[in-house]
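Dear colleague,

I am handing over the structure below, together with a summary of what was found in it. Please read the text with the structure open beside you.

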Amino acid sequence: MMIKSHPGEGLLYQYASGDLSAAMTLVVGTHIDMCKACRQTVCEIEQKLCEENLDTLVSVASTTMSKSQCDQMLEAIFASSACNKQAHQPNEILSLEGRRFTLPRTLAHNSHRIGEWSKLVGKLWRAPLTLDNGNQTNLIYMAPGAKLPEHTHKGKEATLVIDGVFNDEQSEYRDGDFILLDPSRTHTPETQDEDCLTLATLDAPLHFTSGISRLLNPFSQLFFR
């Protein structure tokens, strides 16, 4: 099935140039694993960035270094960009509630960072994924018939569907769909007959907006952060 929701080109440029937070880099990178179109766009951006930076580097170096020194420097740069050995063996399979999910490459390489699963409200489960610099993102599992209370966002929320389907008032989202929301959007994510595994990151707590769920607001940062 074709992926219909993608990061904007500006976000892909920030990803290629290394300007995103570690958490957003993980979410966008995992989408790129799943999306051929975005993968091609990032390749083109990276090629352009490499050409621009290499031309600048060579121009500066040529004014202060001999040709042999320049050659040695370039050899060292290319050697350092070779693939590093993974310190942890990637785990491509995630098991939860009797289901087995195959993780995309970027997420699989970070599987050792996935913490313990905990049950949230209703039919929701969360597992934190803690990165080296203290950034955190979350795997959220929604069983069939799950519903997250209506809420908005004090900051930005990026959600990527890893496997399954969920919907809100705006649309339906399936494998590979990337959804970026800001404080202008209020929605009520829910599943119907299928379950859904997502990867999500927030830069500020959720804010519940409807009924008794508003009582959760003082604690939302403990569950959805």
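Thr-159 is a residue of strand 7, and with a relative accessibility of 9% this threonine counts as buried, because the limit for that class is under 20%. Please keep in mind here and throughout that the model is a predicted one. If neighbours within four places in sequence are left aside, the residues in contact with Thr-159 are Phe-166, Asp-177, Phe-178, Ile-179, Thr-198, Leu-199 and Ala-200.

Phe-178 also appears among the contacts of a second residue, Val-28, which belongs to helix 2. Val-28 is buried, and its relative accessible area is 0%. Besides Phe-178, and again not counting residues up to four places away in sequence, Val-28 touches Pro-7, Leu-11, Leu-12, Tyr-15 and Leu-20. For the pair Val-28 and Leu-11, the distance from C-alpha to C-alpha is 8.3 Å, while the separation in sequence is 17 residues.

To place these two residues in the whole, the protein chain has six helices and eleven strands, and of its 225 residues 41% are buried. Among the contacts in the chain with a separation of 6 or more, 59% are between residues 24 or more positions apart. The accessible surface of the protein chain is about 12,600 Å², and carbon and sulfur atoms account for 52% of that surface.

Next come the pockets. Rolling a probe the size of a water molecule over the atoms shows where empty space is left. The largest pocket has a volume of about 410 Å³, and 15 residues line this pocket, those closest to its centre being Tyr-15, Gly-29, Asp-33, Arg-105 and Thr-106. At least two residues of the lining come from each of helix 2 (22-34), helix 3 (36-64) and helix 5 (105-108), and helix 2 gives the most, with five residues. By residue class, the lining of the largest pocket has five nonpolar, six polar and four charged members. Tyr-15, one of the residues closest to the centre of the largest pocket, is also one of the residues that Val-28 touches.

The second largest pocket holds about 230 Å³ of space. Its lining includes Leu-11 and Leu-20, both of which are touched by Val-28, and among the other lining residues are Gln-14, Met-24, Gln-136, Lys-156, Leu-180 and Asp-203. Helix 1 (9-17), helix 2 and strand 10 (196-202) each supply at least two residues of this lining, which divides into six nonpolar, four polar and two charged residues. Helix 2 therefore deserves a look when you view either pocket, because this helix, a DSSP run like the others, supplies at least two residues to the lining of the largest pocket and at least two to that of the second largest.

The salt bridges may be taken last, and their count comes to six. In one of them Arg-105 pairs with Asp-33, with the closest N and O atoms 3.5 Å apart. Since Arg-105 lies in helix 5 and Asp-33 in helix 2, the pair ties together parts that are 72 residues apart in sequence. Arg-105 is exposed, its relative accessible area being 55%, and both partners are among the residues closest to the centre of the largest pocket.

Which residues are linked in a network of salt bridges? They are Arg-99, Asp-163 and Asp-195. Between Asp-163 and Arg-99 the closest N and O atoms are 3.2 Å apart, and this pair links distant parts of the chain, with Asp-163 in strand 7 (residues 157-167) and Arg-99 in strand 2 (residues 99-102), 64 residues apart. Strand 7 is also where Thr-159 lies. The side chains of Asp-195 and Arg-99 meet in a salt bridge at 2.8 Å, N to O. This pair, too, links distant parts of the chain, with Asp-195 in the loop between strand 9 (178-181) and strand 10, Arg-99 in strand 2, and their positions 96 residues apart. As for exposure, Asp-195 is buried, with a relative accessible area of 9%, whereas Asp-163 at 23% is partly exposed and Arg-99 at 28% relative accessibility is partly exposed as well.

With best wishes

How values were computed:
Residues numbered from 1 in each chain as written. Predicted model: local features only at pLDDT ≥ 70, side-chain atom pairs only at ≥ 80, totals over all residues. Heavy atoms only, no water. Helix = DSSP H or I, 4+ residues; strand = E, 2+ residues; numbered from the N terminus. Buried < 20%, exposed > 50% of the residue type's maximum accessible area, 1.4 Å probe, protein only. Contact = heavy atoms within 4.5 Å. Areas by Shrake-Rupley, 256 points an atom, 1.4 Å probe, with all protein chains shown as cover. 1 Å grid on protein atoms, 1.4 Å probe; cavity = no way out; pocket = protein on both sides within 12 Å on 5 of 7 lines; lining within 4 Å. Points joined across faces, edges and corners; volume = space filled by probe spheres on them. Nonpolar A, V, L, I, M, F, W, Y, C, P; charged D, E, K, R; others polar. Salt bridge = Lys/Arg side-chain N within 4 Å of Asp/Glu carboxyl O.
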